[in-house]
Amino acid sequence: MSNDPFGIDFGGTGIKGAPVDLDAGDFAGERFKISTPKPATPEAVAQVFRDLVGHFPASTSPVGVTVPAVVRHGMVSSAANIDPSWIGTDADAVFTEALGREVHVVNDADAAGLAEVEYGAARGRTGLVIVTTLGTGIGSALIHDDVLVPNSELGHLEIEGYDAESRAANSAREKEELSWEDWAERLTTYYRTVERLFSPELIVVGGGVSKSFDKFGHLIDIETEIVPAKLRNKAGIIGAALVATRAAHGA
Ligand code: BGC
């Protein structure tokens with residue numbers, strides 16, 4: 001079991017990692033969590049990754065890492081909610097060097113989306129599936145017939161003059177102490193825009209708050225079928241391991 005791919009979820013408060021069983025679509029061992037360093041520069045984060053991966057010294061398989069940012073060919077090119085020093089960083093190269101094994105970095109929502117399509121709430125669904133993660137920001141994954149169109153960044157749609165995530169992310173609900181009803185009204189505005197622009201077959205709601213979907217899901221008034229994510233906070237780690245394995249095999 002020691003040579004399972006490893007997934008790391010890099011978030012604002014914690015950095016979590018676990019080996020992943022890609023046949024089962026689940027963790028293959030214990031998950032470790034280390035607090036996100038402040039400031040969370042690529043170098044400080046690389047040290048945390050070394051500690052996490054150090055729990056599995058025998059493993060040589062690829063490591064997948066989620067980041068809450070745009071990633072193209074391993075290069076990070078946005079930093080809405082992370083340290084600005086990430087912009088322009090070749091994260092694949094920095095982490096591959098730091099860990100001494102192959103590392104592939106992927107946008108956090110794209111990783112979660114791939115995992116939900118492969119193993120979770122969108123498994124077996126064809127056509128366009130949009131997975132959104134409602135957390136500090138809003139992340140999105142556009143997946144058509146199992147093929148991901150990366151870096152869709154639908155959290156930054158401009159709606160009624162606002163950056164959508166500043167109104168509709170879970171952090172806005174918490175900060176403004178919105179009731180589920182008031183928040184659902186904002187989510188309705190948000191998802192109506194998404195459905196008008198993309199006509200998806202299915203929308204999946206992920207992020208930690210998706211465990212409370214029964215409190216707000218039925219209040220979102222849209223045409224499209226909308227369901228909670230299944231893999232919850234495992235999706236990022238599992239999706240990252242999947243991306244790293246596919247990349248290592250040239251898929
Ligand atoms: C970032 C995205 C990220 C999302 C969720 C947004 O602010 O721009 O890249 O996927 O937050 O973390």
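How far is an oxygen atom of the ligand from an N or O atom in the side chain of Asp 108?

**View 1. Polar contacts of the ligand in the predicted model.** In this predicted model, the distance between an oxygen atom of the ligand and an N or O atom in the side chain of Asp 108 is 2.6 Å. The side chain of Asn 107 likewise places an N or O atom 3.0 Å from an oxygen atom of the ligand, while Ala 69 contributes through its backbone, where an N or O atom lies 3.3 Å from a ligand oxygen. Of the 310 Å² of accessible area that the ligand has on its own, 94% is covered by the protein.

**View 2. The shell of residues around the ligand.** The shell is made up of Pro 68, Ala 69, Ala 80, Asn 81, Asn 107, Asp 108, Ile 138, Gly 139, Glu 153, His 156 and Glu 165. By residue class, four of the shell residues are nonpolar, four are polar and three are charged. The ligand occupies the space of the largest pocket.

**View 3. The ligand between the two domains.** The protein is divided into domain 1, which takes in 6–108 + 234–248, and domain 2, which takes in 121–229. Seven residues from domain 1 and seven residues from domain 2 take part in the contact between them. The centres of domain 1 and domain 2, taken over C-alpha atoms, are separated by 24 Å. Because both domain 1 and domain 2 give residues to the shell around the ligand, the ligand lies between them.

Methods: Residues numbered from 1 in each chain as written. Predicted model: local features only at pLDDT ≥ 70, side-chain atom pairs only at ≥ 80, totals over all residues. Heavy atoms only, no water. Near = heavy atom within 4 Å. Polar contact = N/O pair within 3.5 Å; in protein donor to acceptor, adjacent residues only side chain to side chain. Areas by Shrake-Rupley, 256 points an atom, 1.4 Å probe, with all protein chains shown as cover. 1 Å grid on protein atoms, 1.4 Å probe; cavity = no way out; pocket = protein on both sides within 12 Å on 5 of 7 lines; lining within 4 Å. Sits in = over half its atoms within 2 Å of the grid points. Nonpolar A, V, L, I, M, F, W, Y, C, P; charged D, E, K, R; others polar. Domains from an automatic or database assignment. Contact = heavy atoms within 4.5 Å.
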